[in-house]
Amino acid sequence: MEINLISDTVTRPSNEMLQYMFHAKVGDDVFKQDPTVLEFEQTVAQLFGKEDALFFPSGTMANQTALKIHTNPGDEVICDKWSHIYLYEGGGAAANSGISCKLIDGTRGMITAQQVSQAINDPENIHLAYTKLVSIENTTNKGGGACYNLLELQKIKEICTQNNLAYHLDGARLWNALIAKKQHPTQFGALFDTISVCFSKGLGAPVGSVLLGSKEQIKKAYRVRKLFGGGMRQAGYLAAAGMYALQHNVARLEEDHKRAKELGNQLQQLEWVHKVEEVETNIVIFTVRTGLEEKWVIEKLKQKNIHISSMGEGKLRIVTHLDYKPVMHSYVQEHLQKIKF
């Protein structure tokens, strides 16, 4: 039995999802002739209360497209120092849009309205880049699946409005936040100019993200997606997977959160663990005690066919997902307890 807890991207489509994909009606999506893609985009847009949506092959491309439609070369985006758009998208902000990042030292990947306000450059100062965009990540990846307080997001929105800044949400794991905090998608749709949501993480689809925004913004995004090489043909088979995931795999995220919290509680009791970050959703980040190296823990678990990942600096990450079954959970708990150094 192989147990892969490296990420929630390792899941494979269920037989039911594959059947749903197999029966999809398809056309050429580059020419806007794929009925399943069009239905999927409309469904997600309506769910969030946005005017329009566009299907992308990846969350990174959706985020990078959002950055490009909101900025011009030389502009600056405000984000947390742990943001995915800065750390894990290959320098795309600079390469694709010619913009720089104003990094904020937030808490577990989350920034505050006060920090945003202080980070905005004076547009009259010719030595400084124009601040044009604030980008938020919810839940935070490197922050261990932490969820923003909705009130703080509203305060940041006010700062953006006052300073004529665009407001983007990297919602790769927004579904997890919605379930954990019992929130509704329209609460986020009302706040953000653009939102990217992923279907190949917690929701178990094989491929795909959707970018949400106004009709004008999505029209621009359509051109940028083409520029980035993201135009797909009979993409309805992939959109069908996203549609199935939306209908069947959102509410069950609560199971992933429950198992993650149980693992977090267990790790806190182990003598070789120094600290466990608060577990809010499906990501568990913990630090080993002084004198230990995370690679030793990874190797001991690997010997038992349990795979987790290192984040460096003594930090380890476990991510629960829909392919992590109850029997696997019991097995992992048993072998975590047996580790000795």
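Me: UniProt positions are given in the numbering used here, with feature names shortened and annotations that may be inferred rather than shown by experiment. Where does UniProt put the "coiled-coil region"?

Reply: The unreviewed UniProt entry places that feature at residues 243–270. This is a predicted model, with local features needing pLDDT of at least 70, side-chain atom pairs counting only at pLDDT 80 or more, and totals for chains, interfaces and linings using all residues. Residues are numbered from 1 along each chain as its sequence is written, and side-chain values use heavy atoms, leaving out hydrogens and water.

Me: How much of 243–270 is helix, and how much strand?

Reply: The span is 79% helix and 0% strand, and its end C-alpha atoms lie 41 Å apart. Helices (H or I, at least four residues) and strands (E, at least two) are DSSP runs, numbered from the N terminus.

Me: OK, H11. What's its reach?

Reply: H11 covers residues 236–248, and its 13 residues reach 18 Å from first C-alpha to last, close to the expected 18 Å. The expected span is 1.5 Å times one less than the number of residues.

Me: Which of its residues are buried?

Reply: Gly-236, Ala-239, Ala-240, Ala-241, Gly-242, Met-243, Tyr-244, Ala-245 and Leu-246. Buried is under 20% relative accessible area, exposed over 50%, and partly exposed in between (1.4 Å probe, protein chains only).

Me: What covers them?

Reply: The cover includes helices H1 (15–22), H2 (35–48) and H8 (174–180), plus strand E2 (52–56). Contact here means heavy atoms within 4.5 Å.

Me: Switching to pockets. What's the volume of the largest one?

Reply: About 230 Å³. On a 1 Å grid over the protein atoms alone, a pocket is an open set of points with protein on both sides within 12 Å along at least five of seven lines, and a cavity is a set where a 1.4 Å probe fits but cannot get out; lining residues have an atom within 4 Å of a point. Points are joined across faces, edges and corners, and volume is the space filled by probe spheres set on them.

Me: Which residues lie nearest the pocket's centre?

Reply: Gly-59, Thr-60, His-84, Cys-198 and Lys-201, out of 19 lining residues. Helix H3 (residues 59–70) gives the most to that lining, with 3 residues.

Me: Is H3 mostly covered or open?

Reply: Mostly covered, with 9 of its 12 residues buried. Among them are Met-61, Leu-67 and Ile-69.

Me: And how many cavities of 30 Å³ or more?

Reply: The count is 1. Trp-82, Ser-83, Gly-109, Glu-137, Thr-140, Asn-141, Lys-142 and Gly-143 line the largest cavity, whose volume is about 30 Å³.
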